[in-house]
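This report describes the fold of one protein chain, going from its contacts and overall make-up to its sheet, its nonpolar cores and its charged pairs. The sequence and the model are shown below.

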Amino acid sequence: MRREERRFGLHAAPGYQKQQGALYRQLLDTPEVEPAARAEEPAALEGHSQSFGRVLTVLPPDKALLERQGKLSLLSLVVAERWLKQAQLAPGSEGLRAQPLLIPLRLKVSREEHDVLVKYQALLKEMGIEFDTDARQITIRTVPLPLRKQNLQILIHELPGYLAQQADVSASQLALWIARHLASDHEQWSQAQAITLLADVERLCPQLVKSPPGGLLQPVDLQSAMNALKDD
């Protein structure tokens, strides 16, 4: 009988089971391969890290409540708008193209104001502000996009006083001064307007996302409120 068992290999089963067990342990030790779809997750996180976060709501008249990575913050839309206009007024920006006025604006100026504006006429033209001069009058024909909705009479009358006080003025310095003297485009902000504004600021001013100034963005501390709710 034993000869028959050896003949037909009936005693090979234990060896076969040993090999099968070793193979099974090898499969268990094989590291799990992550699904291909998970490789896209870091990119999504990087995209989120380059933004101020989601606009949850607008608090009248000009503050936006944001959420980013589970944290809340309050953003000044007026300050964000000012940063955007300053970036748009910078040399080479897309907002700096001269926009012709449908009706040229004629302004009376003093002799001193006239001389200062003529002195910086080339710089103003570089920034999209083009005008013709007369003895006691200037005629503004083009302005850059950020100035289209502004009260140009007030702005232009204040501009010579600033220029006269400077020994020399660069385009970036002038862009900063103009941005600080522009009125907001909105008295009341909607959520859609806030989202559009932040998208433009994130695109043109990415440094503000990485290191926002205190006047632009402030964290909202919910811990005290949460502690108060726990105490009750």
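Contact, as used here, means that heavy atoms lie within 4.5 Å.

## A buried glutamate in α4

By that criterion, and leaving aside its neighbours within four places in sequence, Glu 81 is in contact with Ser 184, Asp 185, His 186, Trp 189 and Leu 197. Glu 81 belongs to helix α4, which covers residues 77-88. Its relative accessibility is 5%, and because buried means under 20%, Glu 81 counts as buried.

## Overall make-up

The model is a predicted one. Its protein chain contains 11 helices and seven strands. Of its 232 residues, 31% count as buried. The accessible surface of the chain is about 15,600 Å², and carbon and sulfur atoms account for 53% of that area.

Among contacts between residues at least 6 apart in sequence, 65% join residues at least 24 apart.

## The four-stranded sheet

An open sheet is built from four strands in the order β1-β2-β3-β7, with antiparallel pairing. Its edge strands are β1 and β7 (217-219), each of which pairs on one side only. From one strand to the next the twist averages 30°.

Strand β1 (residues 54-59) and strand β2 (residues 63-68) run antiparallel and are joined by five bridges. Within this pair, Thr 57 is opposite Leu 65 of β2. The two strands β1 and β2 make a hairpin, with three residues between them. Strand β2 also pairs with strand β3 (residues 71-76), in the antiparallel sense and over six bridges; here Leu 66 has Ser 73 of β3 as its bridge partner. The hairpin of β2 and β3 has two residues between the strands, and Gln 69 takes a positive phi near 55° in it. At the other side of the order, β3 and β7 run antiparallel and are joined by three bridges, with Leu 74 opposite Gln 218 of β7.

## Helices on the sheet

Two helices that pack on the sheet are described here. Helix α4 packs on the sheet and touches β1, β2 and β3, its direction making about 65° with that of β3. Helix α9 (residues 191-204) also packs on the sheet and touches β1, β2 and β3; the direction of α9 makes about 130° with that of β1.

## Nonpolar cores

The largest nonpolar core has 31 residues, of which Ile 138, Ile 140, Leu 147, Leu 159, Leu 163, Leu 174 and Ile 178 touch the most other members. Two or more residues of this core come from each of β4 (99-108), α5 (111-119), α6 (121-126), β6 (137-143), α7 (152-164) and α8 (171-180). Helix α7 gives the most, with six residues. Leu 163, setting aside its neighbours within four places in sequence, is in contact with Val 116, Tyr 120, Val 169 and Leu 174.

Another core, of 21 residues, lies apart from this one and includes Val 58, Leu 66, Leu 75 and Leu 77. Leu 66 is also the β2 residue whose bridge partner in β3 is Ser 73.

## Salt bridges

Side chains of opposite charge can pair when their charged atoms come close. With a limit of 4 Å between a side-chain nitrogen of Lys or Arg and a carboxyl oxygen of Asp or Glu, the count comes to seven salt bridges. One of them returns to α4: Glu 81 forms a salt bridge with Lys 85, with the closest N and O atoms 3.7 Å apart. Both residues lie in helix α4, four residues apart, about one turn of the helix. Lys 85 is buried, as is Glu 81. A network of salt bridges links Glu 81, Lys 85 and Asp 185, and Asp 185 is also among the contacts of Glu 81.

Asp 62 forms a salt bridge with Lys 63, the closest N and O atoms being 2.8 Å apart. Asp 62 has a relative accessible area of 17% and is therefore buried, whereas Lys 63, at 32%, is partly exposed. In a further salt bridge, the side chains of Arg 141 and Asp 132 meet at 2.4 Å, N to O. Arg 141 counts as partly exposed at 37% relative accessibility, and Asp 132 is partly exposed with a relative accessible area of 37%.

How values were computed. Residues numbered from 1 in each chain as written. Predicted model: local features only at pLDDT ≥ 70, side-chain atom pairs only at ≥ 80, totals over all residues. Heavy atoms only, no water. Core = buried A, V, L, I, M, F, W, Y, C linked by side-chain atoms within 4.5 Å. Buried < 20%, exposed > 50% of the residue type's maximum accessible area, 1.4 Å probe, protein only. Pairing = 2+ DSSP bridges. Axes fitted to C-alpha atoms, helices over the stretch in contact; angles between N-to-C directions. Areas by Shrake-Rupley, 256 points an atom, 1.4 Å probe, with all protein chains shown as cover.
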